[in-house]
Amino acid sequence: MAGEKKEFQTERQVFSEHIQNSGLRHTAQRDLILEVFLRTEEHLSSEDLYWLVQKKDQNVGHTTVYRTLKLLTEAGLAREVRFGDGKTYYEHHYNHEHHDHMICTECGKVVEFFSPEIEELQVAMAEKYGFKPTHHSLRILGFCEECQKIDARAAASGAQPRVRVMPARVLR
Ligand SMILES: [Zn+2]
Ligand SMILES: [Zn+2]
Ligand SMILES: [Zn+2]
């Protein structure tokens, strides 16, 4: 598409400057990884991104993808997020509003949310404890709408309900 080159111009610029400041060279592989990352509005592990990049160029290795993601994070284009499954995910950071996550521990679905009230409370809490926050990541673990329905259906059919620990309410 013709408009695409313009679309991520600032992001490309930011990346380019970071590469230069790090004393690295531009490579076609890094540019491709950046491209694929920017086009994917998802929470991606380095493995996920690797497979997406593989579809375009089979010569790109795991390590290159991983290192490039680190560069993207340093450059402020990507941000690391953890959902409690031991993996590190990356999402867009540049020009993206801050948000937090609800994670379904059953199917892995991730719901993004933003609440000015919760944000303010966190600042107030930090102040109260004389803490200077630099960043935060709020995760609420539980079951998405879909998985709750599946569970309800299973219970109605007489199947043994799965035993689960419901997460404590974060706020009241
Ligand atoms: Zn937040
Ligand atoms: Zn679910
Ligand atoms: Zn997110």
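Asp100 is buried in this predicted model. Its relative accessible area is 1%, and the cut-off for buried is under 20%. Asp100 is also a metal ligand: its OD atom is among the protein donors of the zinc ion (ligand 1). The other donors of this ion are His98 (NE2), Glu119 (OE) and His136 (NE2). They lie 1.9 to 2.1 Å from the zinc. Along the chain, the donor spacing reads H-x1-D-x18-E-x16-H.

Two of these donors link distant parts of the chain. Asp100 sits in strand E4 (residues 100-104). His136 sits in the loop between helix H6 (116-128) and strand E6 (139-142). The two are 36 residues apart. Unlike buried Asp100, His136 is partly exposed, at 27% relative accessible area.

What is the arrangement around the zinc ion (ligand 1)? The four donor atoms subtend angles of 93 to 123°. All angles must lie between 85 and 135 degrees for four donors to count as tetrahedral, so this site is tetrahedral.

Now turn to the zinc ion (ligand 3). Its protein donors are His43 (NE2), Glu91 (OE), His99 (NE2), His101 (NE2) and Glu112 (OE). They lie 1.9 to 2.1 Å from the ion. Their spacing along the chain is H-x47-E-x7-H-x1-H-x10-E. Glu91 belongs to strand E3 (residues 88-92) and Glu112 to strand E5 (residues 110-113), so this pair ties together parts 21 residues apart in sequence.

Are these two glutamates buried or exposed? Glu91 is buried, with a relative accessible area of 3%. Glu112 is partly exposed, at 42%.

Definitions and conventions:
Residues numbered from 1 in each chain as written. Chains lettered and ligands numbered in written order. Predicted model: local features only at pLDDT ≥ 70, side-chain atom pairs only at ≥ 80, totals over all residues. Heavy atoms only, no water. Donors = N, O, S within 2.8 Å, 3.2 Å for Na, K, Ca; no water. Helix = DSSP H or I, 4+ residues; strand = E, 2+ residues; numbered from the N terminus. Buried < 20%, exposed > 50% of the residue type's maximum accessible area, 1.4 Å probe, protein only. Tetrahedral: all angles 85-135°; square planar, octahedral: opposite > 155°, others 65-115°.
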